[in-house]
Amino acid sequence: MKNDENSACLTRQDRIWDYYQNQAPEAFAQSKPRLDFLIKQISQKMLVPMPRILNIGVGNGYFEETVRQRGWKMQSLDPDKKTINRLVEKGFKAQKGVIEQIPFDDTGFDFVTASEVLEHLDDEQRHKGLQEVARVLKGGGWFLGTVPYREDLFVNRVICPKCEEVFHRWGHQKSFDAKAMRNELEPFFEDVGVRTTAFVPFRRQSVTRAIKSLVYLIRAKYGANLATTSIYFSARNGQ
């Protein structure tokens, strides 16, 4: 018989995030191209010299470090207390919380970013979360982010040898294709853009590796279901 207490602990999202963000931050080593891409998108869309940004889901803090170098104003939101404390100790503005209950006032941000976050949420959490994102965005503000493309959730299922609970190793609960992502966003936002891409590094690579990265990028843009393929979404608050 399974131990219900152990089972609940192991499958809770906060335990999974706590482990990867505090005990295994190297798991986010491949996120740099993806986060650099989002920062580039902000720089192209911003209408003021110092936009106010809310980043939901901290990871290893690379996004925060890079945004601070640009002088932009930013708040970070994450459900993990240790992660938030670490950012605060470094002088960042950060607060513990979840996307479905964003602890900030209405229309306070020019951008909200959520990279590799929505796939962690169940249907009710995503619905409430998108409502909250629309609430805290200024009129004309942008919601930008990424999710894995057509992820086979079965592939990353693991079993706990102690309680025998089966769960996704990253805590993912939803797999998206472009249509599903658009359907999630359109009830809350205008100018919804959804496209497949791959976030692969090009800098400081050999010619051969750079060519391979380019091939991956082209294949991902045409919807190839590769391990590196992601969905990039952008959505404007029309209120």
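Start your tour by selecting Glu190: at 40% relative accessibility, this residue counts as partly exposed. Keep in mind that you're looking at a predicted model.

Now add Arg236, which is partly exposed too, with a relative accessible area of 23%. Arg236 and Glu190 form a salt bridge, and their closest N and O atoms are 3.2 Å apart. Show the strands: Arg236 belongs to strand S9 (residues 229-236) and Glu190 to strand S8 (residues 190-198), so this pair ties together parts that are 46 residues apart in sequence.

Next, pick Glu65, Arg68 and Lys90. Salt bridges with shared partners join these residues into one network. While Arg68 is selected, bring up Phe92: Arg68 lies over the face of that ring, 3.7 Å from the ring centre. For another view like this, try Lys45, which sits over the face of Trp142 at 4.0 Å from the ring centre.

Hop over to Arg126. Is Arg126 buried or exposed? Arg126 is buried, with a relative accessible area of 3%. One salt bridge goes to Glu184, with the closest N and O atoms 3.1 Å apart. Arg126 is in helix H6 and Glu184 in helix H7 (residues 178-185), so the pair links parts that are 58 residues apart in sequence. Arg126 also bridges to Asp123, at 2.5 Å between the closest N and O atoms. Both lie in helix H6 (residues 123-136), three residues apart, about one turn of the helix.

Last stop, the aromatic rings: there are six pairs. Select Phe104 and Phe109, whose ring centres are 5.5 Å apart with planes at 80°, so the pair is edge-to-face. Both are buried. Then light up Phe143, Phe188, Phe189 and Phe233, a cluster linked by ring pairs.

Conventions:
Residues numbered from 1 in each chain as written. Predicted model: local features only at pLDDT ≥ 70, side-chain atom pairs only at ≥ 80, totals over all residues. Heavy atoms only, no water. Phe/Tyr/Trp six-rings, centres within 6.5 Å; stacked < 30°, edge-to-face > 60°. Buried < 20%, exposed > 50% of the residue type's maximum accessible area, 1.4 Å probe, protein only. Lys NZ or Arg CZ within 6 Å of the ring centre and 35° of its normal. Salt bridge = Lys/Arg side-chain N within 4 Å of Asp/Glu carboxyl O. Helix = DSSP H or I, 4+ residues; strand = E, 2+ residues; numbered from the N terminus.
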